[in-house]
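Got the viewer open? Grab your mouse and follow along, one selection at a time.

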Amino acid sequence: MIEPETGLVISYNFLWEREHAKGEAEGRKARPACIVVPLTSKHGDVVLFPLTTQEPGPDRIAIKVPETERRRLKLKGRGPSWIILDEGNTDRLAESFHVEPISYDPPTFSYGKLSRAFMGQVLQTLAKAIRERNTRLVKRDR
């Protein structure tokens with residue numbers, strides 16, 4: 001299984017807040033998601049933030065993933081990717097049914113880890129969003 005580590009990007013069935021509000025319980029597709037392990041994490045709880053190739057609107061809190069990071073992680077798609085920071089899922093990876101393999105032979109669940117420099121930017125932006133109460137979290141069922 002996956003050892004939770006801040007900056008690790010895994011394949012995850014992310015559930016958007018708008019889908020959760022409609023009563024949906026499962027993410028519609030597996031997508032890359034960045035793990036953030038909170039300082040107060042108990043029992044392996046983590047927060048996952050989605051990566052997307054769809055450019056976020058100006059009302060969203062997101063950071064464009066540098067092309068070097070995208071290539072190193074071998075993310076799908078030819079265009080840019082963004083990490084969305086105003087919306088996340090909370091989960092306990094050891095018990096989660098929402099983690100999906102990237103490949104099956106051998107079973108691989110992680111794309112790799114984002115660089116410390118880029119994660120520094122991500123965490124600064126995330127901290128500001130949390131202070132300003134601009135982050136919505138969906139707690140996933142296990």
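A bit of vocabulary before the strands: two of them count as paired if DSSP finds at least two bridges between them. Helices (H or I, at least four residues) and strands (E, at least two) are themselves DSSP runs, numbered from the N terminus. What you are looking at is a predicted model, in which local features need pLDDT of at least 70 and side-chain atom pairs count only at pLDDT 80 or more, while totals for chains, interfaces and linings use all residues. Residues are numbered from 1 along each chain as its sequence is written, and side-chain values use heavy atoms, with hydrogens and water left out.

**Stop 1: strand β3**

Select residues 45–52, which make up β3. Look to strand β5 (residues 81–84): two bridges join β3 to β5, and they run antiparallel. Click L51 and you'll find I83 of β5 standing opposite. Now add strand β6 (residues 87–92), which pairs with β3 in the antiparallel sense over four bridges. Here L48 has N89 of β6 as its bridge partner.

Is β3 mostly covered or mostly open? Mostly covered: seven of its eight residues are buried. Buried means under 20% relative accessible area, exposed means over 50%, and partly exposed is in between (1.4 Å probe, protein chains only).

**Stop 2: strand β2**

Next, select residues 30–36, strand β2. Four bridges join β2 to β3, again antiparallel, and I35 is matched with L48 in β3. So L48 is a handy residue to keep labelled: I35 is a bridge partner, and N89 in β6 is another.

Then bring in strand β1 (residues 8–13), which pairs with β2 in the antiparallel sense over five bridges. N13 stands opposite A30 in β2. Six of the seven residues of β2 are buried, so the strand is largely enclosed by the rest of the structure. While you have strands on screen, remember that in a regular strand the side chains alternate between the two faces of the sheet.

**Stop 3: the cores**

Show side chains for C34, F49, I83, L114, F118 and V122. These touch the most other members of the largest nonpolar core, which has 18 residues. Strands β2, β3 and β4 (62–65) and helix α3 (116–131) each supply at least two residues of this core, and α3 gives the most, with four. A nonpolar core here is a set of buried Ala, Val, Leu, Ile, Met, Phe, Trp, Tyr and Cys residues joined through side-chain atoms within 4.5 Å.

Now hide everything but L114 and what surrounds it. Which residues does L114 touch? Leaving out residues up to four places away in sequence, they are G7, V9, C34, E69, R72, L73 and M119. Contact means heavy atoms within 4.5 Å.

For the second, separate core, select Y12, W16, V46 and L93, which are among its 13 residues.

**Stop 4: helix α2**

Select residues 67–73, helix α2, and pick out R70. Is R70 buried or exposed? With a relative accessible area of 5%, R70 is buried. Its side chain reaches the backbone oxygen of K76 at 3.5 Å. R70 also touches V65, L75, K76, G77, R78, G79, P80 and S81, not counting residues up to four places away in sequence.

Stay in α2 and click E67. At 36% relative accessibility, E67 counts as partly exposed. Draw a distance from the C-alpha of E67 to that of P80: they are 13 residues apart along the chain and separated by 7.0 Å.

**Stop 5: salt bridges**

Last, colour by charge. The structure holds 13 salt bridges, each being a side-chain nitrogen of Lys or Arg within 4 Å of a carboxyl oxygen of Asp or Glu.

Start with E5 and K113, whose closest N and O atoms are 2.6 Å apart. E5 lies in the segment before β1 and K113 in strand β9 (residues 110–113), so the pair ties together parts that are 108 residues apart in sequence. Both ends are partly exposed, E5 at 37% and K113 at 34%.

Then try R92 with E95 (3.7 Å, N to O), and E132 with K128 (3.9 Å, N to O). To finish, select E17, R60, D86, E87 and R136, which salt bridges with shared partners join into one network.

Technical notes
Polar contact = N/O pair within 3.5 Å; in protein donor to acceptor, adjacent residues only side chain to side chain.
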